[in-house]
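Reader: I have the sequence and the structure open, and I would like to work through them with some questions. Could we begin with the surface and then go inward?

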Amino acid sequence: MSRPTDQWYRELHDRLLAGDPTAPSDLFTMAAPDLANVVGSRYPRHRNTDELHDSVIDALMAYIHRPDAYDSSRAGLRGYLILAARRDLQNTLKKRELRTRLQDLSDDVELQAARRKEAVGEPTLEDLLASGQLVARARVHLPDPADQRVLDLLIDGERRTEAFAHALSIAALPSEEQRVAVKRCKDRIKVLLRRHWREINGEPIE
Amino acid sequence: MVSLSNKKLITRTLERAKTDFLFVAHKLAAYAANHAVDEAAVATFLRCDSDGLVRLALCRAPQGDGFAVDVRRIAAFAPCDAEALAQLLREVDAVIALRHDSRVTVPMAARDRFESDAGVEGDDCG
């Protein structure tokens with residue numbers, strides 16, 4: 001079917017201005033496919049998509065609601081509507097591209113964190129103590145010399161409670177109290193080491 | 001000759017028009033909802049075929065003093081029954097007005113005024 005002529009568009013504009021209630025119907029049933037075809041030829045990837053159809057419908061709706069906004073002395077109605085539909089489609093596609101980029105960026109951050117965790121795994125205490133960088137950072141946050149000595153014993157692989165009790169100057173306490181105090185100190189150092197390990201590996205600190 | 005070949009585009013247009021007070025589509029959708037009937041039943045009531053219903057739906061809804069003239073023009077264009085169309089439009093307007101203002105006049109009074117103003121008969125304008 002041939003497209004509506006420029007004369008047809010001119011007459012339709014006059015009908016709309018004159019308040020003809022049937023003019024919008026002709027515009028939608030005859031001009032909309034014509035406009036969709038033209039815009040679709042310039043955006044072939046979007047031919048027959050909802051985005052393209054919406055851009056044509058938006059352009060026609062805006063014109064029908066305010067036909068006086070169109071200045072017939074400046075351009076033909078067909079060209080005016082094509083331009084409006086193209087602009088609308090361009091804006092829609094730009095917004096969609098921006099949303100996709102933001103989503104990709106978000107996915108990348110999450111994926112990288114997951115891969116890093118998978119690759120590195122949750123380290124053991126031995127792993128943590130083997131890292132000179134990690135131990136050096138932890139030492140800064142252990143101002144108490146007793147804690148520093150316990151850290152040294154851990155690095156040396158010491159396992160005996162009495163050795164740690166001696167380092168903490170609590171050898172005179174009952175053995176049960178020694179065990180509790182030594183465990184508390186070791187746990188504090190482990191937490192500190194793990195926190196710095198997460199910082200170094202870019203994971204959020206709990 | 002009206003082209004309804006691009007069904008997808010027309011269907012999307014109709015969906016948009018149903019949400020816009022400017023179009024007859026909005027009135028047809030409201031009538032169908034009020035009576036709990038489908039589009040086919042509305043078409044039967046208006047005595048028009050499916051293509052006619054599309055052309056009708058995308059017309060500007062009649063307004064104000066030109067109501068009767070607009071109804072005749074739209075009915076001839078679709079085509080459909082002018083009296084049935086007037087009745088449908090007045091009823092929907094009345095129901096909408098009733099929902100917003102309890103002091104509004106009843107639909108039959110509106111229909112009577114339309115008939116006396118325009119002299120519309122019960123014939124088919126197609």
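Reader: What percentage of the area that chain A exposes do carbon and sulfur atoms supply?

Author: Keep in mind that this is a predicted model, and that every value here is computed from it. Chain A exposes about 12,300 Å². Of that exposed area, the share that carbon and sulfur atoms supply is 50%.

Reader: How many helices and how many strands are there in chain A?

Author: Reading along the sequence of chain A, one meets the pattern α-α-α-α-α-α-α-α-α. Of the 206 residues in this chain, 39% are buried. The count for chain A is therefore zero strands and nine helices.

Reader: Which three residues of chain B supply the most area buried against chain A?

Author: The size of an interface is often given as the accessible area lost when the parts come together. Chain A and chain B bury about 2,200 Å² between them, with 64% of this on carbon and sulfur atoms, and the contact takes 24 residues from chain B and 24 residues from chain A. Within the area that chain B buries against chain A, 27% comes from three residues, more than from any other three, and these are L9(B), R12(B) and R16(B).

Reader: Why do the buried residues of α1(B) lie on the same side of the helix?

Author: Helix α1 of chain B, residues 7–18, has 12 residues and reaches 16 Å from its first C-alpha to its last, close to the 16 Å expected. Its buried residues are L9(B), I10(B), T13(B), L14(B) and A17(B). They are on the same side of α1(B) because the arc that they cover around the axis is only 135°.

Reader: Which helices do the buried residues of α1(B) pack against?

Author: An α-helix has 3.6 residues a turn, so residues three or four places apart point the same way. The buried residues of α1(B) pack against helices of both chains. In chain B these are α2 (24–35) and α4 (50–57), and in chain A they are α2 (23–42) and α3 (50–65).

Reader: Is R60(B) buried or exposed?

Author: R60(B) has its place in the loop between α4 and α5 (67–77) of chain B. Its relative accessibility is 14%, and since the cut-off is under 20%, R60(B) counts as buried.

Reader: Which side chain does a polar contact of 3.5 Å join to that of R60(B)?

Author: Leaving aside neighbours within four places in sequence, R60(B) is in contact with residues of both chains, including G19(A), D20(A), P21(A) and P24(A) as well as L22(B) and V24(B). The polar contact of 3.5 Å joins the side chain of R60(B) to that of D70(B).

Conventions:
Residues numbered from 1 in each chain as written. Chains lettered and ligands numbered in written order. Predicted model: local features only at pLDDT ≥ 70, side-chain atom pairs only at ≥ 80, totals over all residues. Heavy atoms only, no water. Helix = DSSP H or I, 4+ residues; strand = E, 2+ residues; numbered from the N terminus. Expected span 1.5 Å × (residues − 1). Buried < 20%, exposed > 50% of the residue type's maximum accessible area, 1.4 Å probe, protein only. Arc of directions from axis to C-beta. Contact = heavy atoms within 4.5 Å. Polar contact = N/O pair within 3.5 Å; in protein donor to acceptor, adjacent residues only side chain to side chain. Areas by Shrake-Rupley, 256 points an atom, 1.4 Å probe, with all protein chains shown as cover. Buried area = accessible area lost by both parts, 1.4 Å probe.
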